[in-house]
Structures are given as C-alpha cells and as structure tokens.
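Subject: Structure handover

Hello,

Here is the structure for you to take over. My notes on what turned up in it follow below.

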Amino acid sequence: MEAYTVFKDLAIIIIVAKIFGILARKVKAPQVVGEIIAGLLIGPCVLGWVTQTVFLSEMAEIGVILLMFSAGLGTDLKELIKTGPVAFLIACCGVFVPLVCGGALYMAFYGVSPWGSDEFYKAVFMGTILTATSVSITVECLKEMGKLKGRVGTTILSAAIIDDVIGIVVLTFVIGFKSPDSSPFKVVISTILFFVFAVVVGFISYHIFAIIDERYAHTRRIPITGFAFCLAMAYVAERYFGIADITGAYVAGIILCSVKDAEYIARKMDINSYMLFGPIFFASIGLKTSIDNVTGSLLAFSAAFVLVGLLSKIIGCGLMARICRFSGKDSLKVGVGMMTRGEVALIVSQKGLSVGLMSPVYFTSVIFLIIVSSILTPILLKILYGKSEQDLIQMDPYQ
C-alpha cells in the first residue's frame, strides 16, 4: 500500500505545483513561488493531502542536486575565475554579519549569557543557522530571467558555494565546543582536500568527457554519463569529505561546463528537473511547514528571526559587493540573491537538535525563514531587474 500512496503523493505534487506555477507566471511571479505555495496548500499546514516522507525528502534532494548540476553546467568558467576573489569576500561577509546578528537576537530575547555557558552556545548556534545560503531558488529565478551567466548571477553562485563551505566550518567549530568527537581542524583539512581532489579529478574527467564528446557527439550516453558523474561527485563530497552534496554536484557541473555538449547535457537535465524533481523539491519546502504548538512569544521571536535573517544577508553581502565596486543596484541584487535559506539551514538545524544546541520549538522559526525568504527572493529579484529586462525573457519551452 505504501507504494500506491507514493504514486498518489507524486501525482498531487506534480499537478498542483504545475497549476500554481502557471498561476504565478500569470501574475508575473517566478514559477518557484507558485510551487512553494502549492506545497503549503497540499501539506499539513492547510489541506493535509500530502505529508513529507523519507522518499519525498530523497526525491527533493535529487531535485536540488540536479538544479545545482545544471547551474554548474551553465556557468561561464572564465567569469567564475574572474569573480572568485570577490565572491570569497562576499561569502565571508555574508557569514560573519548573520552569525553576529543571529546570536545578538537570541540574547536580546532570552538574556545575555556568559562566555562558554550552554545558553551562549545556543545563541551562537542560532546565528550559525542564519549563515546558511540556499542558492537553488535564486538559480531557478535567474535561469527564468536569462541572467544566470551574467556577472551578478555568477558572483551569487560562487559566493553561495563558498558560503556553504564556510558555514559548514563554522558549524563544526560550534559543535566542537559541545562534542569531543568533532574536530574543527579535521573539517578544515577535509575541505581543503576536497577541492584538491576536485581539481585532480576534474582535470582527468574533463579530458575523458572531451574524448567521449568528440567520438559520440550529441548522443544520449553523454548526458547519462554526466548525470552519473554528478551523483558520484555529490556522494564523494558528502561521504568522504563532509562537504554538502550540492557543492559536489555544482563542482561536477563546473568541470563539464566547457565540453562541447555542455548545453545538450543541461537541456536533458532540465527536462528531468522540470517534470519531476524540481516541483518535488520546491513543494517540499511547503510540506515541511507546520503551525502546531506556535505561541505568541515564539511568533514574536520568529518574526524577528526572519527579519534579521533577511536583512543581515542583504547588508553583509550587499555591502561587500559595493566595496568590491559593484553598482548600488547590482550590490542589492547580490544581497537579495544570497538571502534565501533552504535545505542547508534545515540540515544545520537538525544537527543542532541532535547535539542539544537548539530546542525543537525553534525549528518553526527556521521553517518560517525558509518560506518567507524562498517566496520573497524571486519576487524582489524580478523587481530589481526591472520591466525593460523582463521584456526580453523567453517563455519556458516546457510550459
């Protein structure tokens, strides 16, 4: 019976997400906004037609991996190298400002605690949650607008990947104070080793794919092999180096972005993402939301948590982008593009719950932040890019 229930859940998610995606496009909003709202509607929050299961969570994870792989494939490698140092500075500022602001917010609500106390580490951990950036929604929005390959889009992508790595290091350091099994030094070394591994494997894999591409140009074996390579890199990153799987998937896309059939691979990945895995990922954000056990004080903290979470990313990343000589409007685009939270924030929160750094009641605040940032970011980006640029957007060929 469970198998049949899965079929029913998938049918509901795909149909409702598509309907709301089309409605979102009708009112000039990105499709991802409609898909998230669809998840809220059919989830436990409203109708209760679909509940989050392990299977749906795993399908959603494949969806975000596909999305990040496609983003890597669509990256201009020369532009990425050019924006690398700037992206690193933006990521550092985008971690530091939310970390400090999140900790200060917790102390403002629940009192200032002495250094080294349990409450102090809980405050620092709330800041650590705010350091996470989920670039997948921004990527989808920029893809819809045809702005993913521009200077701003590439900078956001690069900064988000670096932000993710720094956030993991920060998380490990915080947990290291509570758990003797966690070694911050080991994580730093693992991170460095992963990127060394990526360079070596990338050099070899690129030449192998170039040979295959030359011999079997534009055949289905190329995207199939590319997808397998993406999954392998995601697995190796998470399993052996402790790096988020989405980072491995993005790096896989970067490695293959210069082969001749990179666009062909990306088109095949987009079909799978658009028809199945993408709607499941974005709808799953809404499915995770529950309003049980919500009190007035928690709502007040959640509202402040959401506000600080959004503004700290905009200020931190946007200010550094301005210092790095982006225009005022482009700096704001970078800040807004970096303010989404998603699967990384959830992973960080769950880790905090498991080691006693966060009470389960605050999980609701994290969900609110993910929902609000996921809906606001695409809308604000469309507004910032302006109507004149929107007129150039092509309709989605899969609509």
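Ser273 is in contact with Leu66, Gly278 and Pro279, leaving out residues up to four places away in sequence. Please keep in mind that this is a predicted model. Ser273 sits in helix 11, which covers residues 262–287, and it is buried because its relative accessibility is 9%, below the 20% cut-off. The C-alpha atoms of Ser273 and Ile62 are 8.9 Å apart, although their positions lie 211 residues apart along the chain.

Leu66 belongs to helix 3 (residues 54–73). With a relative accessible area of 1%, Leu66 is buried. Beyond its neighbours within four places in sequence, Leu66 is in contact with Phe227, Met269, Asn272, Ser273 and Phe277. From C-alpha to C-alpha, Leu66 and Cys230 are 8.2 Å apart, and in sequence they are 164 residues apart.

Next, the nonpolar residues. The largest nonpolar core has 122 residues, and those touching the most other members are Met68, Ile129, Phe305 and Val334. For Phe305, the contacts other than residues up to four places away in sequence are Leu105, Met126, Ile129, Leu130, Ser365, Val366 and Leu369.

There is also a nonpolar patch on the surface, of about 1,000 Å². Its members include Phe173, Phe185, Ile192, Phe203 and Ile208. Helix 8 (residues 184–215) supplies the largest share of the patch, 10 residues. Ile208 is in helix 8 and is partly exposed, at a relative accessible area of 45%. That value is over the 30% needed for a patch, so Ile208 can be counted there.

How many salt bridges does a search of the whole structure find? The search gives three.

- Asp9 and Lys8: the closest N and O atoms are 3.1 Å apart. Asp9 is buried at 5% relative accessibility, whereas Lys8 is partly exposed at 39%.
- Glu214 and Lys260: the side chains meet at 3.1 Å, N to O. This pair links distant parts of the chain, 46 residues apart, with Glu214 in helix 8 and Lys260 in the loop between helix 10 (245–256) and helix 11. Both Glu214 and Lys260 are exposed.
- Asp330 and Lys333: the closest N and O atoms are 3.4 Å apart. Both residues lie in helix 13, three residues apart, about one turn of the helix. Residues three or four places apart point the same way in an α-helix, because it has 3.6 residues a turn. Asp330 is partly exposed at 22% relative accessibility, while Lys333 is buried, with a relative accessible area of 6%.

Two further items concern the backbone.

Arg325 has a positive phi, about 75 degrees, and is not a glycine. Arg325 is in the loop between helix 12 (296–323) and helix 13 (328–337). Its relative accessible area is 76%, so Arg325 counts as exposed.

Helix 2 (residues 31–42) has 12 residues and spans 17 Å from its first C-alpha to its last, close to the expected 16 Å. Helix 2 is mostly covered, with 10 of its 12 residues buried. Among the buried residues are Gln31 and Glu35, along with Val32, Val33, Ile36, Leu40 and Ile42.

Regards

Terms used
Residues are numbered from 1 along each chain as its sequence is written. This is a predicted model: local features need pLDDT of at least 70, side-chain atom pairs count only at pLDDT 80 or more; totals for chains, interfaces and linings use all residues. Side-chain values use heavy atoms; hydrogens and water are left out. Patches are made of residues with over 30% relative accessible area and no salt bridge: like charges are joined within 9 Å, nonpolar side chains (Val, Leu, Ile, Met, Phe, Trp, Tyr) within 5 Å. Accessible areas come from the Shrake-Rupley method with a 1.4 Å probe; for residues, only the protein chains shown count as cover. A salt bridge is a side-chain nitrogen of Lys or Arg within 4 Å of a carboxyl oxygen of Asp or Glu. Helices (H or I, at least four residues) and strands (E, at least two) are DSSP runs, numbered from the N terminus. Buried means under 20% relative accessible area, exposed over 50%, partly exposed in between (1.4 Å probe, protein chains only). The expected span of a helix is 1.5 Å times one less than its number of residues. A nonpolar core is a set of buried Ala, Val, Leu, Ile, Met, Phe, Trp, Tyr and Cys residues joined through side-chain atoms within 4.5 Å. Contact means heavy atoms within 4.5 Å.
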